Amino acid sequence: MHKAGLLGLCDQAWNSVRMASSGMTRRDPLANKVALVTASTDGIGFAIARRLAQDGAHVVVSSRKQQNVDQAVATLQGEGLSVTGTVCHVGKAEDRERLVATVRCKEIGTEPGSGKGSQ
């Protein structure tokens with residue numbers, strides 16, 4: 001009996017997750033949000049970036065190689081998703097600063113280096 005009750009609870013949780021991932025919940029739950037995903041041009045990071053964009057976020061992807069960033073951005077934008085990208089080696093302070101600046105500009109609706117919205 002205890003086992004059946006536990007399995008029933010798991011079934012409920014699984015159905016909730018399945019409904020959320022299938023889009024059966026509200027549309028664009030991340031609209032007007034900016035999501036940053038590092039190491040996001042391939043594999044799990046890329047899948048996470050895609051899902052966040054599908055849920056309405058503007059996603060900033062990054063990788064250590066410009067070629068990888070360009071390919072990921074082109075692929076996701078080709079799917080009609082709101083994505084930008086920048087090169088970032090998280091071990092380099094200047095790369096991290098540029099990445100954060102890119103995210104902040106997207107949050108306030110400007111482009112990096114435009115001078116708009118700077119404090």
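This section describes the secondary structure, sheet arrangement and helix packing of a predicted protein model.

The model is predicted, so local features need pLDDT of at least 70 and side-chain atom pairs count only at pLDDT 80 or more, whereas totals for chains, interfaces and linings use all residues. Residues are numbered from 1 along each chain as its sequence is written, and side-chain values use heavy atoms, with hydrogens and water left out.

The protein has 4 helices and 3 strands, where helices (H or I, at least four residues) and strands (E, at least two) are DSSP runs numbered from the N terminus. Read from the N terminus, these elements follow the order α-β-α-β-α-β-α. Of the 119 residues, 27% are buried; buried denotes under 20% relative accessible area, exposed over 50%, and partly exposed the range in between, with a 1.4 Å probe and protein chains only. Among contacts with a separation of 6 or more, 52% involve residues 24 or more positions apart, a contact being defined by heavy atoms within 4.5 Å.

The 3 strands form an open sheet with parallel pairing in the order β1-β2-β3; two strands are taken to pair if DSSP finds at least two bridges between them. Strands β1 (34–37) and β3 (83–87) occupy the edges, each with a single partner strand, so one side of each lacks a neighbour in the sheet. From one strand to the next, the twist averages 20°. Here axes are lines fitted to C-alpha atoms, for helices over the stretch in contact, and angles between N-to-C directions run from 0 to 180 degrees.

Strand β1 is joined to β2 (residues 58–63) by 4 bridges in the parallel sense. Within this pairing, V34 has H58 as its bridge partner, and V37 has V61. The pairing of β2 with β3 is likewise parallel and comprises 5 bridges; S62 stands opposite T86 of β3. Strand β2 is largely enclosed by the rest of the structure, because 6 of its 6 residues are buried. Both of its faces are covered, with H58, V60 and S62 buried on one side and V59, V61 and S63 buried on the other. The chain passes from β1 to β2 through helix α2 (residues 43–54) in a right-handed β-α-β crossover. A crossover is right-handed if, with the strands pointing away from the viewer, the path from the first strand over the helix to the second runs clockwise. The connection from β2 through α3 to β3 is also a right-handed β-α-β crossover.

The 12 residues of α2 should span 16 Å at 1.5 Å a residue, which agrees with the 17 Å between its end C-alpha atoms; the expected span is 1.5 Å times one less than the number of residues. Residues G45, F46, A49 and A53 of α2 are buried. These residues lie on the same side of α2, because they cover an arc of only 100° around the axis, the arc being that of the directions from the helix axis to the C-beta atoms. The buried residues of α2 pack against β1, β2, α3 and β3. Just after α2, G56 adopts a positive phi of about 105°.

Helix α3 (residues 66–78) lies across β2 and β3 and runs at about 175° to β3. Helix α4 (residues 93–108) also packs on the sheet, where it touches β1, β2 and β3, and its direction makes about 160° with that of β3. Within α3 is V69, a buried residue with a relative accessible area of 1%. Beyond its neighbours within four places in sequence, V69 contacts T41, S62, S63, G85, T86 and V87. The C-alpha atoms of V69 and A39 are separated by 9.4 Å, although these residues are 30 residues apart along the chain.

For the 16 residues of α4, the span expected at 1.5 Å a residue is 22 Å, in agreement with the 23 Å between the end C-alpha atoms. The buried residues of α4 are D95, L99, T102, V103 and C105. They cover an arc of only 160° around the axis and therefore lie on the same side of α4. On the other side of α4, E97, E107 and I108 are exposed. The buried residues of α4 pack against β1, β2 and β3. Following α4, G109 has a positive phi near 80°.
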